[in-house]
Every structure is written in structure tokens, then in C-alpha cells.
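Student: Please take me closely through the pockets and cavities of this protein. I should like to know what lines them and how the surrounding strands are paired.

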Amino acid sequence: MSLSAAVKAKNSTLISLMRLSSFSSATSSTVSLKPSGRLQQTLAASVEVNGKALHSGKLSTVKLLPAIAGAGRYFEFRSRSIPASIEFAQESPLCTTLLKDGLRIRTVEHLLSALEAKGVDNCRIQIESESPDDREVEVPICDGSAKEWVDAIEEAGINVAQNHGGENVEKMVAHVNKPVYVCKNDSFVAVFPDLETRITCGIDFPQVPAIGCQWFSWKPEHDSSFARDIAPSRTFCVYEEVERMREAGLVKGGSLDNAIVCSAEHGWMNPPLRFDNEACRHKILDLIGDLSLVARGGNGGFPVAHIVAFKAGHALHTELARHLTID
């Protein structure tokens, strides 16, 4: 049996077992909040990042500022506050979008991934577009990874956050009590109870040999793990699909400077890669950002669990996040 066939058989079996098992739907018993042993944190100073948006091609400016304990992470756009919460997540192609009061903030996943992974639990995120009339704005794509966001956070520094009363607040984190999964065809994201946070991710591009089938498993062993292992991985696309995406009004700001591009015939068009499995690692980056939307009130968003994803994207990520949300 070929490797590709073996992987497909394995995934088919896993999905069948998940469907036959007593996997839970969104219930209050699915997730429990437990003390993390850490205090809620925020930025020590403000920091600003400017750049071009991947899909709109427009320029935007993001300013990250400290926030009080319990505030959580939230955007400010057109004098309105939009929490970085799954409650406001909207399904959109090739990115994660927040929508509230008719205002949209697109491509939030890389920034939120960096904030979640670096432990910035409370953050005021001011964002501005190049046009004063825009009702929609997109977070800058930078180089296609989360590296610039990590660098900005490290430049600002991190402090323990205090509430209005000047008190420290313990950070709570979600622990998964029973398996949960979401799937579509042969794509899935499943979460299993575990004593630590682990992510196992797989992708499969049989039509693009240079990408092919990849698996990568990762856990945050220390504070620098994300910055070293995940943050530098860039968004990727298949060259033969670029024109179709542009016809759909997407990737207007995309270039070889903010994405790694792979041709089915010629392989990677802008090497070298930062990792042999950079594409797979980037999927983990996206997953952390999307599941950070579970966070509320300055508590942790990404759960203590083993998360296994295969051929998943933002739609499945955010669907799982809704199952992990505690009412």
C-alpha cells in the first residue's frame, strides 16, 4: 500500500470511529475552567505595526495596547469595540473574520495566535484602514507568518495585568473532559482529554508533490517554543489556484514576499523554506489563532487537550471553537 493510500485509510478509519463513539456535542460538561497557576497578563507598553492586507491589498495600521485584567482581547475600529470572541466570528474564505454592528475585521488569526501563545491575555487592539469610510478592515499580513507579531509583543514586553481595583487575577484555562470532533468529508478536527496541550496536524496535497502529505506534532514545552517552532511558518498557496482566488476577490495583496507559493509542476517558487514542513506548521499557527476565540475575560483560549486536525481550515477550526465555548 502506498503512503498516500495508507494515510487515507487511517483517516477514514479514525473518522468512522469518531462517528461511532459517544463524542459529545456542545454541552456544559464538555469543558471545565480550571486554575492555570498563572496570573492574567497584558502588554507592558504599546506597539504599532503597519502593512498591506493579504486579501484586500489595502494598507492598515494596528496598535497593540495594554488592557486591564478581565478585559480580554478586543479590537477597536471606528470607535466600536469588537471582542476577539467566537461569538462574533463569521465564516469567510481563506481567513477568519470578526463581525459586529456591521463592522468587519478580517484575517485576525495570525495576530491572535501570537497573542494567545505569548500569554497576552488582555489586549486592546486599535486598527485603522487607509480609507476613513471603510466598514471593513484587514489585519496586515506582514511576511505571511506570526513572526512580526511575536517581535512586536516582545518589544512591548509583558506585565501582570491588574483589574480596576488594582488586583491581580488568576488565569483560568479550559480543560477538555470528553472527546469532541467536527468534520466535513475527509477533513476533521478532533480534541481529546489530556494532561497537557498538544497539537497534531496533517495536510494532504496529492496534486502538488512538493507539499504532498505531511504530519507534524507539537507542544509548547517552554515560553519560546511558539516563537521558535510555529511563528516563523508562512501562509502558503498553490500557484495554479492563484488566478481563481483573485477572480473571487481574494489575495489582492498577495506576493512572494508574504506567502510561500508552490507549483504543482515546478515545486516551491520562492525557496528556501524555513522548515521542511513549513506548510503543515502554518496550519498549527492558524489553529491556535482560531481557537483563541474561545477565550473570555482574560482567561486562556487554547484548551489543555490533544488536538488532532487533518485537512482542516478556518471553518472547521471555528466550528470546533463553538463546541468548546462555556456559556
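Tutor: A cavity is a set of grid points where a 1.4 Å probe fits but cannot get out, whereas a pocket is an open set of points with protein on both sides. The volume of either is the space filled by probe spheres set on its points. With these two terms in hand, we may look at the model, which is predicted.

We begin with the setting. The protein contains 7 helices and 21 strands. Its C-alpha trace extends over about 65 × 45 × 35 Å along the principal axes. The radius of gyration is 19 Å, which agrees with the value near 20 Å that a compact globule of 327 residues would have. Of those 327 residues, 53% are buried. If one takes the contacts between residues at least 6 apart in sequence, 75% of them join residues at least 24 apart.

Now to the open spaces. The largest pocket holds about 1,200 Å³ of space, and 46 residues line it. Nearest its centre lie Leu94, Phe236, Glu241, Met245 and Lys283. Strands β7 (89-92), β16 (198-205) and β18, together with helices α2 (109-117), α5 (242-247), α6 (278-291) and α7 (314-323), are the elements that give two or more residues to this lining. Sorted by class, the lining has 22 nonpolar, 12 polar and 12 charged residues.

Two of the strands in that list have pairings to follow. The first is β18, which covers residues 236-238. This strand belongs to an open sheet of 3 strands, ordered β18-β19-β20, with mixed pairing. Both β18 and β20 (267-268) are edge strands, each pairing on one side only. Between β18 and β19 (residues 260-263) the pairing is parallel and runs over 3 bridges, with Cys237 opposite Val261 of β19. The other is β16, which pairs in the antiparallel sense with β17 (residues 212-218) over 7 bridges. In this pairing Ile199 faces Trp218 of β17. The two strands make a hairpin, and 6 residues lie between them.

The second largest pocket holds about 730 Å³. Its lining consists of 25 residues, and those nearest the centre are Arg38, Ala117, Lys171, Thr197 and Pro220. At least two lining residues come from each of β1 (31-39), α2 and β13 (170-176). Helix α2 thus appears here as well as in the lining of the largest pocket. Strand β1 provides the largest share, 3 residues. The classes are 11 nonpolar, 6 polar and 8 charged residues.

The two strands that serve this second pocket are themselves partners: β1 and β13 pair in the antiparallel sense over 6 bridges. One of these bridges joins Lys34 to Val173 in β13. A residue counts as buried when its relative accessible area is under 20%. In β13, 5 of the 7 residues are buried, so the strand is largely enclosed by the rest of the structure.

We turn next to the closed spaces. There are 2 cavities of 30 Å³ or more in the structure. The largest has a volume of about 40 Å³, and its lining is made of Gln90, Glu91, Ser92, Cys95, Thr96, His314, Ala315 and Thr318. Strands β7 and β8 (95-100) and helix α7 each give two or more residues to it. By class, this lining has 2 nonpolar, 5 polar and 1 charged residues.

The second largest cavity holds about 30 Å³ of space. Around it stand Cys201, Gly202, Lys283, Leu287, Ala309, Lys311, Ala312 and His317. Strand β16 and helix α6 are the elements that contribute two or more of these residues. The classes here are 4 nonpolar, 2 polar and 2 charged.

It remains to connect the closed spaces with the open ones. Strand β7 and helix α7 line the largest cavity and also contribute to the largest pocket. Likewise, β16 and α6 line the second largest cavity and give residues to the largest pocket. A single residue illustrates the link: Lys283 is among the residues nearest the centre of the largest pocket, and Lys283 also lines the second largest cavity.

Terms used: Residues numbered from 1 in each chain as written. Predicted model: local features only at pLDDT ≥ 70, side-chain atom pairs only at ≥ 80, totals over all residues. Heavy atoms only, no water. Pairing = 2+ DSSP bridges. Helix = DSSP H or I, 4+ residues; strand = E, 2+ residues; numbered from the N terminus. 1 Å grid on protein atoms, 1.4 Å probe; cavity = no way out; pocket = protein on both sides within 12 Å on 5 of 7 lines; lining within 4 Å. Nonpolar A, V, L, I, M, F, W, Y, C, P; charged D, E, K, R; others polar. Rg over C-alpha atoms; globule rule 2.2 N^0.38 Å. Buried < 20%, exposed > 50% of the residue type's maximum accessible area, 1.4 Å probe, protein only. Contact = heavy atoms within 4.5 Å.
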